[in-house]
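Colleague: Could you show me how to read a binding site and a cavity? I am new to this one.

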Amino acid sequence: MILVTGATGNVGRHVLSLLIADGHAVRALSRAPQRAVWPAGADVVPGDLADPRSLDAALAGVESVFLFAVPGGGPAFAAAARRAGVRRVVLLSSIGVDDDSEVRDTPIAVYHAEIEQTLRGSGLAWTFLRPDGFAANSLTWAGQTKAGDVIRGAYAEAAFAPVHEADIAAVAVAALTEDGHAGRVYRLTGPQWLTHADQAAILGRALGRPIRYAELPAEAVRQQMDAHLPGPILDSIFAIWAASVGRSPAIATDIEKVTGRPARSYHDWVLDHAEAF
Ligand SMILES: NC(=O)c1ccc[n+]([C@@H]2O[C@H](COP(=O)([O-])OP(=O)(O)OC[C@H]3O[C@@H](n4cnc5c(N)ncnc54)[C@H](OP(=O)(O)O)[C@@H]3O)[C@@H](O)[C@H]2O)c1
């Protein structure tokens, strides 16, 4: 049995569907199962990674876990996993944990690093997936693209290699179901280095409209986002954007190495989500 946590999230929902399609016995964890629509074949259990008491039932009979990282949740999860006899864990971590990352001290990077450290010392077989910014972050622009052709936001020149959530999920499924991935750290990027402004232009080309990115002062955007995200997460996002301006680190090849297929492009991602915009 494979337990998928974060099963309603960007990546977890693909991990769940791919495992079911491949015929694996799968259980999905959610804090509020009744709020989601589940694929046929999923054994859905309620549970909260921040509430260790809810994990024993979810982990009963489980051999492998796809783990969503909850701040501070590493030790309780590792203890419950050992009690249940879990053998392997595939963690959805973050590229911020990379040794050469310039944002290793942001709250997001720090809590992912803590969970990695816990798993390294847990006796469980672990694989860490460290994605760059998700292409799916662009979904926060959907309200603006529905209303017009200008996306207003901070840091037009913030640059990433946006990664398709289905590629992250495909690597996760390989690590959950094949041998040879224990003790591996996979750096997952899209195939191209793109600024926010580049992403807006590609979005426009894919949708057949002249969409452009208009930069607003960072502090004004931060105030708009304040109501929606916790302070430490916002601090991390703005630090990551600021640090990424003018950078172009190497594109990673781990997606192709693990799955045998090149990473999907941002243009492909837009076509897969065109209806949202
Ligand atoms: N977005 C990026 O650019 C990016 C880049 C690198 C790494 N990451 C990392 O990737 C992960 C996924 O990010 P995301 O933004 O894509 O998330 P997301 O899709 O919004 O998914 C969040 C998921 O986590 C589950 N969840 C949240 N808190 C939980 C808890 N206490 N117990 C159990 N389940 C919980 C939610 O499930 P329920 O609501 O059903 O419980 C939901 O399925 C995060 O760890 C993030 O730091 C993101």
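**Around the ligand**

Modeller: Happily! In this predicted model, 23 residues surround the ligand, and the closest are Thr8, Asn10, Ser30, Asp48 and Asn137. A residue counts as near when one of its heavy atoms lies within 4 Å. Local features need pLDDT of at least 70 and side-chain atom pairs pLDDT 80 or more, while totals for chains, interfaces and linings use all residues. Numbering runs from 1 along each chain as its sequence is written, and side-chain values use heavy atoms, leaving out hydrogens and water.

Colleague: Which kinds of residue make up the shell around the ligand?

Modeller: The shell has 10 nonpolar, 10 polar and 3 charged residues. Here Ala, Val, Leu, Ile, Met, Phe, Trp, Tyr, Cys and Pro count as nonpolar, Asp, Glu, Lys and Arg as charged, and the others, Gly among them, as polar.

Colleague: How far is the side chain of Asp48 from a nitrogen atom of the ligand?

Modeller: An N or O atom of that Asp48 side chain is 2.7 Å from the ligand nitrogen. For oxygen atoms of the ligand, look at the side chain of Ser30, with an N or O atom at 2.6 Å, and at Asn10, where a backbone N or O atom lies 2.6 Å away.

Colleague: Which residues line the largest cavity?

Modeller: Leu49, Leu67, Phe68, Val70, Gly73, Gly74, Phe77 and Ile115 do. By class, that lining has 6 nonpolar, 2 polar and no charged residues. Lining residues have an atom within 4 Å of a point of the cavity, a set of points on a 1 Å grid over the protein atoms alone where a 1.4 Å probe fits but cannot get out.

How values were computed. Polar contact = N/O pair within 3.5 Å; in protein donor to acceptor, adjacent residues only side chain to side chain. 1 Å grid on protein atoms, 1.4 Å probe; cavity = no way out; pocket = protein on both sides within 12 Å on 5 of 7 lines; lining within 4 Å.
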